[in-house]
Amino acid sequence: MKRNTRINLLLLIAVAALAVLPLVFGLGDHKEEPFAGADAEAETAITELDPDYEPWFSPLYEPPSGEIESGLFALQAAVGAGALAYYFGVRRGRRQGEARAGEQQGAVRVPGHDGAEGA
C-alpha cells in the first residue's frame, strides 16, 4: 500500500471516529438539546451568570425554524469549502502549467546550437 493511500485511510478513519464516538458514548444525553451550537451554549451560560444581560446587537435575519438555520449554516460551510477547493485547484493547475511550459522550453532546440561544445 502506498504511503499516501495509508495516510488518507488513517485520516478517513479519524474523521469517522470523531463523528461516531460522541453518539456511541452518549455525550450530551443529559442536555435538553444535546448537540446545540456554541452560540446556544454561550447564551445559556451568560443568562445563568447575569439574568439582566441584554445583547448589544440583534440578528439581521432570524430563521423561522432550527432546520432552516442548520440548512443555511451547511450551505455557508459548503460555499466556503467550494471556494477553498477552487483556489487550491487553480493554484495547483497554474503550477502544473508552469512546469509543463518549462519542460517544453527545455526541449526546444536553440537555433545555431547543435549541442556540441566548442563547435
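This passage describes the overall makeup, the first helix and one pocket of a predicted model.

The protein contains 3 helices and 0 strands. Read from the N terminus, the order of its elements is α-α-α. Of the 119 residues in the protein, 3% are buried, where buried denotes under 20% relative accessible area. The exposed surface of the protein comes to about 11,300 Å². Carbon and sulfur atoms account for 61% of that surface.

Helix α1 spans residues 3-24 and comprises 22 residues. The distance between its first and last C-alpha is 31 Å, close to the 32 Å expected at 1.5 Å a residue. A bend of about 30 degrees is nonetheless present in α1 at Leu18. Within four residues after Leu18 comes a proline, Pro22. Helix α1 is hardly covered, with 0 buried residues among its 22. Just after α1, the backbone at Gly26 adopts a positive phi of about 70 degrees.

Open space on the protein was also examined. Rolling a probe the size of a water molecule over the atoms shows where empty space is left. The second largest pocket has a volume of about 230 Å³. Its lining includes Asp39, Ala42, Glu43, Ile46 and Thr47, together with Tyr53, Pro55, Phe57, Ser58 and Pro59. By class, the lining of the second largest pocket consists of 6 nonpolar, 2 polar and 2 charged residues. The nonpolar group contains Ala42, Ile46, Tyr53, Pro55, Phe57 and Pro59. The polar residues of the lining are Thr47 and Ser58, and the charged residues are Asp39 and Glu43.

Note on methods. Residues numbered from 1 in each chain as written. Predicted model: local features only at pLDDT ≥ 70, side-chain atom pairs only at ≥ 80, totals over all residues. Heavy atoms only, no water. Helix = DSSP H or I, 4+ residues; strand = E, 2+ residues; numbered from the N terminus. Buried < 20%, exposed > 50% of the residue type's maximum accessible area, 1.4 Å probe, protein only. Areas by Shrake-Rupley, 256 points an atom, 1.4 Å probe, with all protein chains shown as cover. Expected span 1.5 Å × (residues − 1). Bend = angle between axes of the 7 residues up to and from the residue. 1 Å grid on protein atoms, 1.4 Å probe; cavity = no way out; pocket = protein on both sides within 12 Å on 5 of 7 lines; lining within 4 Å. Points joined across faces, edges and corners; volume = space filled by probe spheres on them.
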